[in-house]
Amino acid sequence: MFDQITDKFDSVFRNLRGLGKITDRNINDTTREVRRVLLDADVNFRVARDFINRVQERAQGAKVTKSVKPGQQFIKIIHDEMIQLLGGSAQELELTQSPSVILMAGLQGSGKTTSTAKLGHLLKKQGKKVLLVAADVYRPAAIDQLKKMGEVANLPVYDEGTGNPIKICKNAISHAKANNIDVVILDTAGRLHIDGEMMIEIQAIAEDSSPEEVLFVADGMTGQDAVNSAKIFNEALSLSGVILTKMDGDARGGAAVSIREVTGKPIKFIGVSEKIDGLQLFDPKRIADRILGFGDVVSLVEKAQTLVDEKDAEVLRKKMMKNTFDLEDFRNQMHQLKKMGSMKQLMGMMPGVNRKMLKGMNLDDKQMDWTEAIINSMTLDERSNPKIINGSRRMRISKGSGRPVHEINALIKQFAEMQKMMKKFGNMKSPKFPGMGSFVGIN
Ligand SMILES: Nc1nc2c(ncn2[C@@H]2O[C@H](COP(=O)(O)OP(=O)(O)O)[C@@H](O)[C@H]2O)c(=O)[nH]1
Ligand SMILES: [Mg+2]
């Protein structure tokens, strides 16, 4: 997610960091570069233009204030404005009625059915009694799909087979009332393209079922198309928010950056996998950090917490921060790390990690098994102090693990790099961004 845009911001910021003074010239140079990065990421051109204007204006204001680190002040301006652009702060669902109704709208294939089940799963975890409603009656497969996903999430699914979707929704809500259901999620039909009939149907459902939340589900991979259809739906339906799906793919990020500004409606969730737990609350600050390459320590730690027990996650975090994470810990965490995703993914979430270097690093998942075998063949001393691993030790480890010596060399080298990065990370006062020291805490 956001890899390309992050790489590009990385190089813009590299030029900015050493800046001795903010001048008209470097304001122009930087904003021109930022504009190009945004347009390359498929950000709506008006959104990019207005963003640049705001950054320019603030940078002009910053010209006169004396700053210890002008380059970083400039970076902070871009960071602040990016958070604002993405919506400022996370917008939770507002569910107060009993039952609360959530209406899912969007084009076919955007991820409505999948997101209906994911959202149900999320709300169930928060202790709500949830009912999913199969109101996409035009394709029998759609009803089956929702039923299957409901089974995975262990959630009831209301369906009447094919019928009148407006009536089905009404009946489902009565059923929910009679059964003390807290939240009803209506999975509606989409079309391949926006058409009048679909709009009339979904407007009728909205009118009849008085939803507290009307969520537009948009396919993040489609970039500006997603933004345009969000705009059209918003005019027809008065959305309360957007779910941007498929952000685990190679979406360039343009939709995520543009939707809020174009529609005025917040992105509330993003879909990050096809699985039932692949829905995350959209937090503008965290996403801005990701986009701008400041790392996402919060996601990393949260990811650890959902899979590893909390104490272990805390130990892991402390070790990473204090740079006392050795090969032995590395091996011990390996099983858990494997559960969390690929090493590259994990490293990519760490602030200050150079993405280009990451690409060159050999952190494949099958490599993890080999790595484990290699570490298993080391003595405890070697694990805590890999520097002592000389030629003959390497030979012994190679024999013991059945891996060639060059792999052992590579592991030691990679681990040294990783320790260096962790050290950088650990030295930061706040898990934000190396060199942003003077701005830490000023938000
Ligand atoms: N990778 C990925 N796939 C998704 C995500 N959300 C939905 N999908 C997939 O997109 C396809 C269409 O989703 P579906 O929920 O049927 O869309 P609908 O037609 O709007 O109901 C399915 O294959 C889903 O598994 C996501 O966040 N990530
Ligand atoms: Mg569907």
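**Group meeting: confidence, ligand shell and cores**

Okay, so this one is a predicted model, and the protein comes out at an average pLDDT of 84, with 81% of the residues scoring at least 70. Where is confidence lowest and where is it highest? The low end is helix H12, residues 297-307, with a mean of 59; the high end is strand E3, residues 157-158, at 98. One more stretch to flag: across residues 429-443 the pLDDT stays under 50, and the model has 23 contacts for them beyond four places in sequence.

Now, the ligand. Ligand 1 is surrounded by 20 residues, and Gly111, Lys112, Thr113, Thr114 and Gly271 are the closest. Which helix gives the most to that shell? That's H5, residues 112-125, with 3 residues. If you're thinking about chemistry, the shell splits into 14 polar, 4 charged and 2 nonpolar residues.

On to the cores. In general, nonpolar side chains in soluble globular proteins tend to be buried together. Here, the largest nonpolar core has 95 residues, and Val133, Val184, Ile185, Leu186, Val242 and Leu244 have the most contacts inside it. Helix H4, residues 70-85, supplies the largest share, 7 residues. Domain 1 (3-85) and domain 2 (100-282) each put at least three residues into this core.

Let's zoom in on Ile185. Ignoring neighbours within four places in sequence, Ile185 is in contact with Ile102, Met104, Thr116, Leu119, Gly120, Val130, Leu132 and Val133.

And last, there's a second, separate core of 7 residues, with Ile374, Ile397, Ile408 and Leu411 among them. That's it from me.

Note on methods:
Residues numbered from 1 in each chain as written. Chains lettered and ligands numbered in written order. Predicted model: local features only at pLDDT ≥ 70, side-chain atom pairs only at ≥ 80, totals over all residues. pLDDT = per-residue confidence, 0-100. Helix = DSSP H or I, 4+ residues; strand = E, 2+ residues; numbered from the N terminus. Contact = placed C-beta atoms within 7 Å. Near = placed C-beta within 6 Å. Nonpolar A, V, L, I, M, F, W, Y, C, P; charged D, E, K, R; others polar. Core = buried A, V, L, I, M, F, W, Y, C linked by C-beta atoms within 7 Å. Buried ≥ 20, exposed ≤ 12 C-beta atoms within 10 Å, placed from the backbone. Domains from an automatic or database assignment.
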